[in-house]
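Please examine the following structure with attention to how its chains meet and how its strands are arranged.

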Amino acid sequence: MMLTFEDFPPGHFGTFGPRHVTREELLAFAEEFDPQPMHLDEEAAKRSMLKGLAGSGWHLCSIMMRMMFDGYIGRTASLGSPGVNDLRWLSPLRPGDDLTLDIDVVEARVSRSRPTTGIVTFKATVRNAAGEVLCEMVSPIIVQRREGVASERAG
Amino acid sequence: MRFFEDLKIGQRRELGSFTFTAEAIKKFARQFDPQRFHLDEEEGRKSLFGGLAASGWHIGSACMKLLVTDGQRQAKEAAARGETVATWGPSPGFRELRWIKPVLAGDTISFASEIESLRASEKRPEWGILQARNTGTNQRGELVFSFLSTAFVPRRDGGARGD
């Protein structure tokens, strides 16, 4: 049974993970997409504001996306997302981190332009095993309403 | 890379382009965003995207790649002129990210970055804070992607001004 708009009332939705992050994957992503010394080189990273080797913020976002997919998006009648209202990188992502993801629904409303869908705005918070917040994101996704899924099946 | 003092509101840099092949779209999606419309052409056609579509995080990561490459190009040029090269700090985040139109297999996106605001950091006098609007435009000239990023940029004199 796919999750639909009705399954996302405002409030805490769930906690997902842990997701273990390896040094190898941090380096591989940084080499491909974000080859700054603070993401690739231990010594340069120590001298940087991050004070040690840290993963790319875009890698953290991508891992967060995968955690959302594995946690609930993969079984949600989602039509995609128009964007991200606000994203903060608050603490560095380190090799060996075990990440957990908390999802809160901050707003859920029926779409005016496409009434068979709703817009669910999430707040996602990623923490490491010590409970430090690494990343906070507020982002909407478009989700089908139950009647929308039903009419599609009937059609 | 340039120092905070060298930057002006409205300065724009063309960062180059990135082609999203079907292969690259699926590879990124398998790893990070395996939603059906990012993995399969037919599923993409049936979706709101109308074709095999790149994950939004793939688009953001490609933009980051070109921002870093452009920074390295500037650093090389500054070093060749015998200037001190500034090392930029990390970014505390971004706002107003919009995936405006789908990026489909075969699309080539040209990215650009334009400075919107500059201010001194209150907590870290050796750093300035820059906000830049980064955008992606497809081969038909349609704006497909935009976000307002924030970054720490070093002050030329380390912020230790005598005056």
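The paragraphs below treat the contact between the chains and then the strand pairing. The model is predicted.

The contact draws 26 residues from chain A and 24 residues from chain B. On the side of chain B that touches chain A, two elements give two or more residues, namely α4 (56–80) and β2 (93–99) of chain B. Of the elements on that side, α4(B) gives the most, with seven residues. Sorted by class, the side of chain B that touches chain A comprises 13 nonpolar, seven polar and four charged residues.

Strand pairing also links the two chains. Strand β3 of chain A, residues 83–89, pairs with β2(B) in the antiparallel sense, over five bridges. Within this pairing, A:Gly83 stands opposite B:Arg98 in β2(B). The strand β2(B) is thus doubly placed: it gives two or more residues to the side of chain B that touches chain A, and it pairs with β3(A).

Further pairing lies within chain A. Strand β4(A), residues 98–110, runs antiparallel to β5(A), residues 117–127, and ten bridges join them. Here A:Asp102 stands opposite A:Thr125 in β5(A). The connection from β4(A) to β5(A) is a hairpin through six residues.

Strand β5(A) also pairs with β6(A), residues 133–144, in the antiparallel sense over eleven bridges. In this pair, A:Gly118 stands opposite A:Val143 in β6(A). These two strands likewise form a hairpin, with five residues between them. In its turn, A:Gly131 has a positive phi of about 85 degrees. Strand β5(A) therefore pairs with β4(A) and with β6(A).

Definitions and conventions
Residues are numbered from 1 along each chain as its sequence is written. Chains are lettered from A and ligands numbered from 1 in the order in which they are written. This is a predicted model: local features need pLDDT of at least 70, side-chain atom pairs count only at pLDDT 80 or more; totals for chains, interfaces and linings use all residues. Two residues are in contact if their C-beta atoms, placed from the backbone, lie within 7 Å. Helices (H or I, at least four residues) and strands (E, at least two) are DSSP runs, numbered from the N terminus. Ala, Val, Leu, Ile, Met, Phe, Trp, Tyr, Cys and Pro count as nonpolar, Asp, Glu, Lys and Arg as charged, and the others, Gly among them, as polar.
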